[in-house]
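This briefing covers a sheet, the helices lying across it, and one loop residue. The sequence and structure come first.

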Amino acid sequence: MNEHRYADRVRSVEMSGIRKLFEAGGPDAINLGIGQPDFDTPDHIKMAAIAAIREGRTGYTPNAGIPELREAICEKFARENNLTYRPEQILVTAGGSEALHLVMEALVDPGDRVLFTDPGFVSYAALAAFAGGKPEGVPLDADLHIDVERAKEQMDGARVFILNSPGNPTGAVESEESIRALVEYAGDRGVTVVSDEVYEHFIYEKEHVSAARFGEDVITVNAASKTYAMTGWRVGYLAAPEDYIPEFLKVHQYAQACATSISQYAAFAAYAGDQEPVARMRSEYRARRDLLYDGLTGIGFDFPRPEGAFYMFVPMGQTLIEKAVNAGIIIVPGGAFGSRAPEYARFSYATSRENLSRAVGRLGELVG
């Protein structure tokens with residue numbers, strides 16, 4: 001049998017270290033590896049999807065998304081982010097992941113430098129590589145925030161800078177001063193900022209600041225996935241200067257056509273409807289954060305308290321990380337998020353308090 005051939009840009013990318021853990025562990029394993037809410041999608045959102053099915057709204061939608069959803073997203077930006085968009089500036093996608101993919105494919109030429117934090121979300125480097133770009137990590141400081149001055153040094157000559165706040169895997173929330181400084185410097189250097197804000201509603205002491213407040217060449221990526229516990233519904237979106245949208249639409253049309261119609265009607269109910277479930281989830285995540293942080297620091301780990309998202313990035317050392325995974329505590333080694341934090345591991349607290357307490361107890365036995 002002849003050996004099959006593959007594109008070098010795809011062969012060079014490893015499978016996600018997170019997805020490998022999706023079904024990891026035995027029956028007694030405690031899975032703290034997956035960044036997926038353990039809450040059910042709120043009822044009013046599910047009912048909107050059921051109504052869409054019953055009403056036969058199961059065909060193709062406009063490529064950019066149903067008008068009412070794009071209008072609701074504009075209203076959300078005005079209400080929550082102090083930003084003004086028109087529906088023509090919104091493109092509904094199959095999750096935030098597709099939105100990031102569209103941006104890379106439309107903006108990045110072969111060899112273009114794409115900057116993102118290292119450690120940072122696993123998709124950034126892979127999507128940049130798929131587009132033919134050159135992925136390049138930006139360091140964090142000792143408190144796991146972006147080192148602004150180092151980032152500015154690397155920005156000269158780059159094509160795209162991806163800003164993720166609250167951050168995955170760190171849980172760090174960047175300050176208004178840092179975000180403004182990064183966006184304004186990028187604007188001066190002709191670098192497009194892509195602001196990944198999917199965890200914006202899960203911040204515990206600080207406030208969320210949208211990067212698009214400080215510059216014109218900013219593309220905001222977001223999704224219903226985390227905010228409304230809708231990961232499997234696959235609805236995200238991007239908001240951008242209007243002249244970008246036709247170029248993104250070209251890739252979207254040929255790769256996806258449109259986000260799932262039923263999911264779009266559900267997302268409309270999410271953005272236009274009752275927001276109390278989001279506040280309830282945020283309160284529970286905060287309680288879980290405190291439980292896990294107190295537990296881990298109580299057995300000797302030293303790291304900053306996460307300010308947002310539902311992750312902790314913990315310095316453990318590779319030997320202990322391996323022991324923890326072998327003991328059924330499923331966490332993600334720092335090497336999955338870049339090259340600069342191999343001694344760290346990401347814990348997700350998007351699971352029950354009981355599971356978190358069990359994990360801390362089991363880890364304490366390994367440390368002790």
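Where is the place of G133? In this predicted model, G133 sits in the loop that runs between α5 (122-130) and β4. The strand that follows this loop, β4, belongs to an open sheet of 7 strands, which is described after the residue itself.

**G133 and its surroundings**
- G133 has a relative accessible area of 13% and is therefore buried, the cut-off being under 20%.
- Apart from neighbours within four places in sequence, G133 is in contact with V108, D109, G111, D112 and A128.
- Between G133 and V160 the C-alpha to C-alpha distance is 9.8 Å, with the two residues 27 apart in sequence.

**The sheet**
- The strand order is β2-β8-β7-β6-β5-β3-β4, and the pairing is mixed.
- β2 (90-93) and β4 (134-138) are the edge strands, each pairing on one side only.
- On average, neighbouring strands of this sheet are turned by 20° against each other, direction ignored.

**The β2 edge**
- Strand β8 (residues 236-239) pairs with β2 in the antiparallel sense, over 4 bridges.
- T93 has G236 as its bridge partner in β8.
- Helix α9 (residues 245-255) lies across β2, β7 (218-223) and β8, and runs at about 20° to β2.

**The β4 edge**
- Helix α6 (residues 148-155) lies across β3 (113-117), β4 and β5 (160-164).
- The angle at which α6 runs to β4 is about 155°.

Key. Residues numbered from 1 in each chain as written. Predicted model: local features only at pLDDT ≥ 70, side-chain atom pairs only at ≥ 80, totals over all residues. Heavy atoms only, no water. Pairing = 2+ DSSP bridges. Helix = DSSP H or I, 4+ residues; strand = E, 2+ residues; numbered from the N terminus. Axes fitted to C-alpha atoms, helices over the stretch in contact; angles between N-to-C directions. Contact = heavy atoms within 4.5 Å. Buried < 20%, exposed > 50% of the residue type's maximum accessible area, 1.4 Å probe, protein only.
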